[in-house]
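Welcome, and thanks for taking a look at this one. Below is a short tour, arranged by topic, to help you find your way around.

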Amino acid sequence: FKAVDDDIGSNARISFYWDGSPSALFSLNDTTGIISTIAPLDYEANQQLTLRINASDAGASRLSSFAKIEVRIRDVNDEAPVFVNTSGLTLSFVEDHPLNIELTRLMAVDRENTANGNGVIQYSILSQDPLILRMFTINVNSGSISLLMPFNFSTVRNYQLTVQASDAPGGTGKPLTANYTLNIVVLEDIDTGPYFRVPVQTVDVLENTMTGTDVVQMNAVDRDPGNNGIISYSILSQSAESAQGSIPSSQEFFSINNATGWITLLLPIDYEMVQKFDLVVQATDLSVDRRSVNASLTVQVVNVNEHSPVFPPSQSFPLVEDLSPNSVVYRATAQDQDDGVFGQIVYAFHLPDG
């Protein structure tokens, strides 16, 4: 920062100092006017800062001038994507599973800003095995994995996929990545009674999902002809679970279309209250003996950043005028009702304009 004074001698000797409270992020050299950082800058905490500086000469009347500097912080991609699932998920599919139908959907989150591209996530399958790349495809934007070629129980019974989430496509920083391991087990085809193509299934649902939204379609098959092959779906049980354990509840959060198998969200869900739902779904054919089969569905509630940090009511505190530099004079505390990474709080000074 520079200032000029047309006087001579001590009247032209300029000193620089902060106008108001010193900055917690920058230092100011009172002789040279050089401004330096003294703490890490975080774009996610502050995108723009205002610095106010006074320049004063050493004359007897001490003339001074004021300047305001706007500091715009440029975002750097320093937050890697994080998968919301625990890596190592195993899914089972019957070998006649249809092609181009979603097997599962993986989800990753990123704390970076999406407006400049750093927080945008893209998905890909990493493999040196050409068979993996021929068998499976993933939607680059949604993380939905589908089958391209038929399973064959007699030749390959297990597949291991490594899915990569990469951020900042076209962003301002170098892309950061996270990997996820998905195990797929092929089951032998059966010909008697109904059976679920995916007998054990896990889906992720954002906590701000609107009621009435279809969550997942349960898919059962019965190869018998006529009414013997028509399937009706029902939910036998549904339970909620939080970090403190199972929550007994008479409320039904989900319903199922008995003809299509689509499961729909009935009630609002809140990650801070419930993190997981376990459902038992039954498929029954219309044969005389009403043969049926059950499937397990786990609905994992995904946390979203829906609560702002809250400070307690404004407080005042006394200061002693002869305090030494770097003395602690007040400790600010705020609360955020979100859990996990969205509940972490970063503190910074906010200097009002004017």
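Two residues are in contact when they have heavy atoms within 4.5 Å. With that in mind, consider the contacts in the protein chain with a separation of 6 or more: residues 24 or more positions apart account for 65% of them. Please keep in mind as you read that this is a predicted model.

**The chain as a whole**
- The protein chain holds one helix and 24 strands.
- It has 354 residues, and 35% of them count as buried.
- About 20600 Å² of the protein chain is exposed, and carbon and sulfur atoms supply 51% of that area.

**The nonpolar cores**
- The largest nonpolar core is made of 28 residues. Those with the most contacts inside it are F83, F136, I145, F151, Y159, L161 and I184.
- Several elements each supply at least two residues of this core: the helix α1 (130–135) and the strands β7 (89–94), β10 (121–126), β11 (136–138), β12 (144–147), β13 (158–167) and β14 (177–187).
- Strand β14 gives the most to this core, with five residues.
- Apart from this core lies another one, of 25 residues. Among its members are A240, L265, F277 and L279.
- To see the surroundings of one core residue, try selecting I145. Leaving aside its neighbours within four places in sequence, I145 is in contact with I101, E102, L103, T104, L106, F136, T137, I138, L161, V163 and L182.

**Aromatic residues**
- How many aromatic pairs does the structure hold? There are nine aromatic pairs.
- One of them joins F83 and Y180 in a tilted arrangement, with 5.2 Å from centre to centre and 40° between the planes.
- This pair links distant parts of the chain: F83 is in strand β6 (residues 82–83) and Y180 is in strand β14, 97 residues apart. Both F83 and Y180 are buried.
- F196 and Y233 also form a tilted pair, at 6.4 Å centre to centre and with 55° between the planes.
- F196 lies in strand β15 (residues 195–196) and Y233 in strand β19 (residues 231–242), so this pair ties together parts that are 37 residues apart in sequence.
- Are F196 and Y233 buried or exposed? F196 is buried because its relative accessible area is 3%, under the 20% cut-off. Y233 counts as buried too, at 7% relative accessibility.
- F93, F136, F151 and Y159 form one aromatic cluster. Of these, F136, F151 and Y159 also appear in the list of residues with the most contacts inside the largest nonpolar core.

**On the surface**
- Which residues form a nonpolar patch on the surface? They are F317, L319, V320, L323, V329 and Y330, and together they have about 550 Å² of accessible area.
- F317 is found in the segment after β24 (292–302). With a relative accessible area of 35%, F317 is partly exposed, because that class runs between the 20% and 50% cut-offs.

**A backbone detail at N100**
- Phi of N100 is near 60°, which is a positive value in a residue other than glycine.
- Where is N100 found? N100 is in the loop between β7 and β8 (102–105).
- N100 counts as exposed because its relative accessibility is 59%, and exposed residues are those over 50%.

Note on methods: Residues numbered from 1 in each chain as written. Predicted model: local features only at pLDDT ≥ 70, side-chain atom pairs only at ≥ 80, totals over all residues. Heavy atoms only, no water. Patch = residues over 30% accessible without salt bridge, like charges linked within 9 Å, V, L, I, M, F, W, Y side chains within 5 Å. Areas by Shrake-Rupley, 256 points an atom, 1.4 Å probe, with all protein chains shown as cover. Salt bridge = Lys/Arg side-chain N within 4 Å of Asp/Glu carboxyl O. Helix = DSSP H or I, 4+ residues; strand = E, 2+ residues; numbered from the N terminus. Buried < 20%, exposed > 50% of the residue type's maximum accessible area, 1.4 Å probe, protein only. Core = buried A, V, L, I, M, F, W, Y, C linked by side-chain atoms within 4.5 Å. Phe/Tyr/Trp six-rings, centres within 6.5 Å; stacked < 30°, edge-to-face > 60°.
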